Amino acid sequence: MKNEYDIIVVGAGPAGSITAKTAAEKGLDVLLIEKRQEIGDPIRCAEGVGKYNLQQHIEPDPRWICADVKGSRIFSPDGTMVEMAEEISGGEVGYVLERKIFDRALANESALAGAEVMVKTRATDLIIEGNTVCGIKLMHMGEEYEVRSKIVIGADGMESKVGRWAGINTSVKPEDMETCAQYLVANANIDQEFCYFYLGNEVAPAGYIWLFPKGGNKANVGIGILGSESGEQRAIDLLNDFMEKNMPEARIIEMVVGGVPVSGTIDRTIANGLILVGDAARQSDPITGGGIINAMDAGKMAGEVAVKAIRNGDCSEKGLQEYEDLWRDTIGKEIDNSLVVKETFVNFTDEDLNSLAKSLQNVNFTSMSLMDLLLALFKANKKLLWNLRGLFKDIVKNDIDFKYRT
């Protein structure tokens, strides 16, 4: 480890690794640090990701692909099933990853590009001079260090400490967070070519239960419910109830719990000498809580803008504004639209959800585009979906560039 770099990236998840790789490929001197001793472990998500958008960043590798799914099956509270092809199932359906291997593959690519990667290295504070971030204080193997840089990238997850140290409010209220729990189970006995989603205020109030195939008759079985709904009924208890009723033969071999921000964007993601990416910038989808592709896209933007700022000799907030504009015009618009949809759907009763599912029962999804699907859904449920009329209007005008549209 040197005393000074062009860029220091805090956090070696997908956002951090793609940022480090992008900047290192352009010849910058990059340090990527990770507080855990093993990158990618423990996992923190359902591990689903759309194929097309993933391939924009990395060539698919069988070593980190557990399942190649054809589509999704969505169950309303009364058991009505809607089956959708992968192309219109959303940004989290396509491949199911082995994140422990995938995250390390991304970090490896950043290392091969020239970045210096350090694990078991924790940022403890920022070095701030005047009103500008000039590096970080860190701890590695019990020793404290100060390392300077022209730009610090905060990719340190929800409620980013790096952002908070720089004066950015990254706190998340309980009602703006999905409380999640997930088991990896053996003997799952599900069709390994489909992802499953269960909706309803009894099984998952203001959220859903997911089953993602992991190959070899294994699956990720998880639940996310709004923090405001969590109290007497804990997410883990609801998940246990679901398992007991629907998967009595399944055997739990791993468990993870955590939170996902579903509140939409934060006010700013840059400061003098600082950029936030991924969950630190609250770039996850408010509907699904998924954020791998958004994190990778934002990481690439952050890396490219950081390179330009350093070459221009202007790492001020003004010099980094291009990153703020780029991601808000693309990822940010999708997040804003998803937030409108989420806030509508969380108020639906079970009867409303049953009605929506039944209206799609005779639809032929194999020959339907996403736009066709959304319009069919709206036409059959105008009263229920009236709050979303503006969104459907924009879709008709092709103003919205959905990631999962190819």
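Student: What makes up the secondary structure of the protein chain?
Tutor: The protein chain of this predicted model has 10 helices and 18 strands. A run counts as a helix from at least four residues and as a strand from at least two.

Student: What makes residues 48–49 a strand, β3?
Tutor: A strand needs at least two residues. Strand β3 covers residues 48–49, and Gly48 lies in it. So the run meets the cut-off for a strand.

Student: Why is Gly48 called buried?
Tutor: Its relative accessible area is 9%. Buried means under 20%, so Gly48 gets that word.

Student: How do you know whether Gly291 is buried or exposed?
Tutor: Gly291 has a relative accessible area of 22%. Buried needs a value under 20%, and exposed one over 50%. Gly291 satisfies neither, so the word is partly exposed. Gly291 is in the loop between β18 (274–276) and α6 (292–312).

Student: Which record lists Gly48 and Gly291, and for what?
Tutor: UniProt, in an unreviewed entry, lists both under "binding site". The list also includes Ala15, Glu34, Cys45, Arg99 and Asp279. Asp279 from this set belongs to the lining of the second largest cavity.

Student: How many cavities does a search of the whole structure find?
Tutor: The search finds 2 cavities of 30 Å³ or more. The largest cavity holds about 40 Å³ of space. The second largest holds about 30 Å³.

Student: What makes such a space a cavity?
Tutor: A 1.4 Å probe fits there but cannot get out, so the space is called a cavity rather than an open pocket. Rolling a probe the size of a water molecule over the atoms shows where empty space is left.

Student: Which residues line the largest cavity?
Tutor: Ile43, Gln182, Tyr183, Leu184, Asn220, Glu254, Met255 and Val256 line the largest cavity. Strands β12 (177–186) and β16 (251–261) each supply at least two residues of that lining.

Student: How is the lining of the largest cavity divided by class?
Tutor: That lining has 5 nonpolar, 2 polar and 1 charged residues. Glu254 is in the lining. Glu counts as charged, so Glu254 belongs to the charged class. Tyr counts as nonpolar, so Tyr183 goes to the nonpolar class.

Student: What lines the second largest cavity?
Tutor: Met158, Glu159, Thr170, Val172, Pro261, Ile266, Asp279, Ala280 and Arg282 line that cavity. By class, the lining has 5 nonpolar, 1 polar and 3 charged residues. Asp, Glu and Arg count as charged, so Glu159, Asp279 and Arg282 fall in the charged class.

Student: What makes phi of Lys120 worth noting?
Tutor: Phi of Lys120 is positive, about 50°, although Lys120 is not a glycine. Lys120 sits in the loop between β8 (116–118) and β9 (121–129).

Student: Why is Lys120 called partly exposed?
Tutor: Lys120 has a relative accessible area of 41%. Exposed needs a value over 50% and buried one under 20%, so Lys120 is partly exposed.

Student: What is phi of Asn187, and where is Asn187 placed?
Tutor: Asn187, a residue other than glycine, has a positive phi near 60°. Asn187 is placed in the loop between β12 and β13 (194–198). Its relative accessibility is 33%, so Asn187 counts as partly exposed.

Student: Why does Trp327 count as buried?
Tutor: Trp327 has 0% relative accessibility. The cut-off for buried is under 20%, so Trp327 counts as buried. Trp327 is in helix α7 (residues 321–345).

Student: What makes Thr269 a contact of Trp327?
Tutor: Contact means heavy atoms within 4.5 Å, so the pair must meet that limit. C-alpha to C-alpha, Trp327 and Thr269 are 10.0 Å apart in space, and 58 residues apart in sequence. Leaving aside neighbours within four places in sequence, the contacts of Trp327 also include Thr265, Ala281, Gln283 and Met301.

Student: Is Lys300 buried, partly exposed or exposed, and how do you know?
Tutor: Its relative accessible area is 35%, which is neither under 20% nor over 50%, so Lys300 is partly exposed. Lys300 is in helix α6. Not counting residues up to four places away in sequence, Lys300 touches Ile18, Thr22 and His57.

Student: What share of the protein chain counts as buried?
Tutor: Of its 406 residues, 54% count as buried.

Notes
Residues are numbered from 1 along each chain as its sequence is written. This is a predicted model: local features need pLDDT of at least 70, side-chain atom pairs count only at pLDDT 80 or more; totals for chains, interfaces and linings use all residues. Side-chain values use heavy atoms; hydrogens and water are left out. UniProt positions are given in the numbering used here, feature names are shortened, and annotations may be inferred rather than shown by experiment. On a 1 Å grid over the protein atoms alone, a cavity is a set of points where a 1.4 Å probe fits but cannot get out, and a pocket is an open set with protein on both sides within 12 Å along at least five of seven lines; lining residues have an atom within 4 Å of a point. Buried means under 20% relative accessible area, exposed over 50%, partly exposed in between (1.4 Å probe, protein chains only). Grid points are joined across faces, edges and corners, and a volume is the space filled by probe spheres set on the points.
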